[in-house]
Amino acid sequence: MSIYTLAISGSSGVPYTRRVLQQLLLSEHEIKVVVSDAGRKVLEVEEGILLDNKLENTYDTLLAWSEVNKPKGSLEIYNSKDVSAPIASGSYPVTGMAIVPCSGGTIGRVANGISNGLIERAADVCLKERKRLIIVPREMPISLVHLKNMTSITEAGGIILPASPGFYHKPKSISDLVDTVAGRILSLLGFENKLLKPWLGVNKGE
Ligand SMILES: Cc1cc2nc3c(=O)[nH]c(=O)nc-3n(C[C@H](O)[C@H](O)[C@H](O)COP(=O)(O)O)c2cc1C
């Protein structure tokens, strides 16, 4: 049994989060979710999802959004300001964490160890404990500030996985494109999944 943290910060790209969350909830693992205030705003704008401050309501809303009736393992949601949550401690046995999508702001704070919220602190813990940390930025263009911050995170052991879907599998829908990114996130987290289709060569494996 593994423990995965999925954080949602205020960047565009929550359809990727939805697919990742769905796959995690269909597994027997323990899933921990944290949403930043700006992440809530993006969920509202992009998906029409309204998360209120009651964590039990957020639970139901996230399950409905990810089209999962009941998690096969477990789902726990933490307030993004609750730095006393278990995932804020290196003693808690988290397997890995993904921030999907990851805003430039959150990247900057993680890169510089500014752990003033639960997302940044949980990411900080993954870096110091040498646990898998997958950061999924969605920004364009990217400034030197972003590049330097992403370099710092990479040097500290994190993985920068830009939300840039591939087209070589000839996607037929937005969902196909989303899956090329979601599959890579899950695989790099060490989570077995069928979304990631390996490239087998031209005209093979389609
Ligand atoms: C609808 C919407 C889309 C946004 N898209 C992005 C984005 O793609 N990338 C980004 O870095 N910031 C984006 N932002 C700005 C961030 O949400 C903002 O910088 C925020 O302070 C980040 O907070 P957080 O890192 O705590 O989640 C967006 C904001 C909104 C409301």
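**View 1. Cys 126 is a buried cysteine.** Cys 126 has a relative accessible area of 4% and is buried. Here buried means under 20% relative accessible area, exposed means over 50%, and partly exposed lies in between, with a 1.4 Å probe and protein chains only. This is a predicted model, where local features need pLDDT of at least 70, side-chain atom pairs count only at pLDDT 80 or more, and totals for chains, interfaces and linings use all residues. Residues are numbered from 1 along each chain as its sequence is written, and side-chain values use heavy atoms, with hydrogens and water left out.

**View 2. Cys 102 and Cys 126 are not bonded to each other.** A disulfide is a covalent bond between the sulfur atoms of two cysteines. The rule used here asks for a pair of cysteine sulfur atoms within 2.5 Å. By that rule, the count is zero disulfides. Cys 102 is in no disulfide, and its nearest cysteine sulfur belongs to Cys 126, 12 Å away. That is too far for a bond. Cys 102 is buried too, at 1% relative accessibility.

**View 3. Helix α2 turns one face to its cover.** Helices (H or I, at least four residues) and strands (E, at least two) are DSSP runs, numbered from the N terminus. Helix α2 spans residues 37-47, and its buried residues are Gly 39, Arg 40, Val 42 and Leu 43. Seen down the axis of α2, these residues fall within an arc of 165°, so they line one face of the helix. The arc is taken from the directions from the helix axis to the C-beta atoms. Their cover includes β1 (3-8), α1 (14-25), β2 (30-35) and α3 (55-65). After α2 comes Gly 48, with a positive phi near 70°.

**View 4. The ligand has 14 residues around it.** A residue counts as near if one of its heavy atoms lies within 4 Å of the molecule or strand. Gly 10, Ser 36, Ser 103, Gly 104 and Thr 106 come nearest. Helices α2 and α4 (104-111) each supply at least two residues of the shell. A polar backbone atom of Gly 10 is 2.5 Å from a ligand oxygen. For a polar backbone atom of Gly 104, the distance to a ligand oxygen is 2.7 Å. Glu 139 places a polar side-chain atom 3.3 Å from a ligand oxygen.

**View 5. Ser 103 sits in a loop.** The loop runs between β4 (96-102) and α4. Ser 103 is buried, with a relative accessible area of 13%. Which residues does Ser 103 touch, not counting residues up to four places away in sequence? They are Ser 9, Gly 10 and Ser 11, where contact means heavy atoms within 4.5 Å.

Note on methods
A polar contact is a pair of N or O atoms within 3.5 Å; within protein, one must be able to donate a hydrogen and the other to accept it, and residues adjacent in sequence count only if both atoms are side-chain atoms.
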